[in-house]
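Dear colleague,

Please find below the structure I am handing over to you. My notes on its strands follow.

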Amino acid sequence: MALLLFQGQQLHYDSATMIMKLKAKIQALEEQMSSVTEKSSKYGQIAAEEVPKGLYCIGIRLTTEWFRNLSLQRKIKERMQMEAKLKDNSLNHFCVFSDNIVATSVVINSTSISSKNPDRVVFHIVTDEINYAAMTAWFGTNQFKGVTVEVQKFEDFKWLNASYVPVLKQLQDAETQSYYFSGHHDDEKTPIKFRNPKYLSMLNHLRFYIPEVFPALKKIVFLDDDVVVQKDLSALFSIDLNGNVNGAVETCMETFHRYHKYLNYSHPLIREHFDPDACGWAFGMNVFDLVEWRKRNVTSIYHYWQEKNVDRTLWKLGTLPPGLLTFYGLTEPLDPTWHVLGLGYTNVDPHLIEKGAVLHFNGNSKPWLKIGMEKYKPLWEKFVDYSHPLLQQCNFH
């Protein structure tokens, strides 16, 4: 008995030691996995923000052609000055704010092909000064089944200045500049995706100034540049928004797409004014009633919340959180088939894709990037004319 007890004690000791060793090993593996996950996130974010060589080449060649060909400049400018369709409210007006020529071209091409009456479609593109010449040259020399295309650059909007626009004012702040541009702060505790400078880009925030960008228009459909249109969208312009400003597809089928997912409910301003279980919705395909927008002075609501978030305590990133605050109580839910999301980061039900009017490649895996999801790329690529001489010269594929 004494011998058995002694052996039992020894075995117990060995078991305890083994348990300690296993725990140490598990902890080491968890730390290693955490490190690998963090690196993967960083590299994935960097890959998502890259400009493919082919796309860069297209922009350079188009810009060169624009400045070299004075007759092309004159021809396009004269055509735009005479284009009465740009302010005709009986037509279907769409807007895209982008610096990506090919992606914007896919949006317009897919819309024109899917439209029953493309000659009634007007696209308003707003880009930046760097890409303006290339965009104007591309859309001035390519036809889209009779669709009217206007190209502007936001630098021409005189009202877009730091005294009026909170984002531009915040860009002048040294702490904000350090947060987004220094590359080393917070002891690297803040994930890289939260510090992406694109979240301060005017091409992102311009969606909150649509009535000022298009003062003559009464209704417009906003499209992101990472969408594909596969149904006729003319019915969107006759949808009754019931006095609301924004028509959007809700995304609260899952709990993580409700307001508490995007906003900081430990902050009293958020907690007091917004229901945490309210349905989220998506930017990317939105119907905006600009008459109601102006009547309710919605842009001033956006200004209020953007100024309150100067220290990033109400929300961390993106234009969706301020959008949720700005259009709270002013959003009309649309049928989910109008806008199908997730093609840039997850698996989507094939039946939803088939029925969807607008397919949205939201997420990092854009279809023009190497990291794009291969099974969804054909949905986007079929609207790219790879036989175009410029795309072939630039080896865009």
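**Strand pairing and burial**

Strand 1 is joined to strand 2 (residues 121–127) by 6 bridges, and the two run parallel. Helices (H or I, at least four residues) and strands (E, at least two) are DSSP runs, numbered from the N terminus, and two strands pair if DSSP finds at least two bridges between them. Between strand 1 and strand 2 the chain passes through helix 4 (residues 101–114), a β-α-β crossover that is right-handed; that is, with the strands pointing away from the viewer, the path from the first strand over the helix to the second runs clockwise.

The model is predicted: local features need pLDDT of at least 70, side-chain atom pairs count only at pLDDT 80 or more, and totals for chains, interfaces and linings use all residues. Residues are numbered from 1 along each chain as its sequence is written, and side-chain values use heavy atoms, with hydrogens and water left out.

Strand 1 also pairs with strand 4 (residues 219–223), in the parallel sense over 2 bridges. Cys95 stands opposite His124 in strand 2 and opposite Phe222 in strand 4.

In strand 1 (residues 92–97), 6 of the 6 residues are buried (under 20% relative accessible area, 1.4 Å probe, protein chains only), so the strand is largely enclosed by the rest of the structure. Asn92, Phe94 and Val96 lie on one side, and His93, Cys95 and Phe97 on the other.

A further 3 strands form an open sheet of mixed pairing, in the order 5-10-9. Strand 5 (227–229) and strand 9 (339–340) each have a single partner strand, so one side of each lacks a neighbour in the sheet.

With kind regards

Key: Buried means under 20% relative accessible area, exposed over 50%, partly exposed in between (1.4 Å probe, protein chains only).
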